[in-house]
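Let's take a walk through this structure together. Have the viewer open and follow along as we go.

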Amino acid sequence: KFYVKDEGEGIEEKDHESIFGRFKQIENQYSRTNTSTGLGLSIVKELTELMKGKVWVESIKGRGAVFYFTIPYQRANRRMDYIKKEIISIKMDTKEVILIAEDEIINFLYLEALFESYPFKIIHAKNGKEAIQMLEENEAISLILMDIKMPIMNGIEATKEIRNNNKKIPIIALTAYVMDEDKDKMLSAEFNDYLAKPLDEITLINMIKKHQNNK
């Protein structure tokens, strides 16, 4: 069981069920902006139920709210254990230093945890501008994982600027955009490869290995 608690305005009991409906915003009285689509909680509910869990809220008007969700625990089977061992057996260059340009901290933490099983170092840039600066200051960086949508300077802009001075370093785009026009933009920016989010561990590690061998 997980929960998120706040000390906001709270939600009246009559609205406890309806707020999980699509496009429902309770006349926006619980949101301080008008930018919400009213889909967030609906998506959470559907994803939770797809995983055989449930989600609900406990709240009293004026006293904040606590949102709960449950996810059933399932022990990993032998097939999952085999895949994990296969991934860890991939040999990497211990001198590999990977720059991850990613503005969403949760996405970076996921990659950081994923890479704990592999013998290379990672450093973090929060936007494209930081990525360019870090690359200029650190000659040990041998590969870049570049998110596309970032503040200040996005991944495409940063990659184009990097390519003005560095044509050799492998740059892999990490993106939620998979339309043909987005692929064309990435190719024009001279990315070496791209991966669609959510990332698959085997595919990511094998792609890093491929570009490491091609350098």
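Start at H211, which sits in helix α7, spanning residues 201–214. Is H211 buried or exposed? Its relative accessibility is 8%, and the cut-off for buried is under 20%, so H211 counts as buried. What does H211 touch once we ignore the neighbours within four places in sequence? The list is L143, P170, I172, N192 and D193.

Before moving on, a quick zoom out. Keep in mind that this is a predicted model. The protein has 7 helices and 8 strands. Of its 215 residues, 38% are buried, and H211 is one of the buried ones. If you take the contacts with a separation of 6 or more, 59% of them join residues that are 24 or more positions apart.

Now swing over to a pair of strands. Strand β4 covers residues 97–101, strand β5 covers residues 121–125, and the two pair in the parallel sense over 5 bridges. To find one of those bridges on screen, pick A101: its bridge partner in β5 is A125. Helix α3, residues 105–114, joins the picture here, as β4, α3 and β5 make a right-handed β-α-β unit.

Stay with that unit and look at the loop between β4 and α3, where you'll find D103. Its relative accessible area is 29%, and partly exposed means between 20% and 50%, so D103 lands in the partly exposed class. Leaving out its neighbours within four places in sequence, D103 is in contact with K126, D147, K149, M150 and P151. Another residue to check against D103 is N154: the two are 51 residues apart in sequence, yet their C-alpha atoms are 9.8 Å apart in space.

Last stop: a pocket. Rolling a probe the size of a water molecule over the atoms shows where empty space is left. The second largest pocket has a volume of about 210 Å³. Two elements each give two or more residues to its lining, namely α4 (128–137) and α5 (155–163). Which of the elements gives the largest share of the lining? That would be α4, with 3 residues. To colour the lining in your viewer, select I132, L135, E136, N138, E139, I141, E161, I162, N165, N166 and I169. By chemistry, the lining of this second largest pocket divides into 5 nonpolar, 3 polar and 3 charged residues. Among the lining residues you can pick out I132 and I169, along with E136 and N138.

Notes. Residues numbered from 1 in each chain as written. Predicted model: local features only at pLDDT ≥ 70, side-chain atom pairs only at ≥ 80, totals over all residues. Heavy atoms only, no water. Pairing = 2+ DSSP bridges. Helix = DSSP H or I, 4+ residues; strand = E, 2+ residues; numbered from the N terminus. Right-handed = clockwise from strand over helix to strand, strands pointing away. 1 Å grid on protein atoms, 1.4 Å probe; cavity = no way out; pocket = protein on both sides within 12 Å on 5 of 7 lines; lining within 4 Å. Points joined across faces, edges and corners; volume = space filled by probe spheres on them. Nonpolar A, V, L, I, M, F, W, Y, C, P; charged D, E, K, R; others polar. Buried < 20%, exposed > 50% of the residue type's maximum accessible area, 1.4 Å probe, protein only. Contact = heavy atoms within 4.5 Å.
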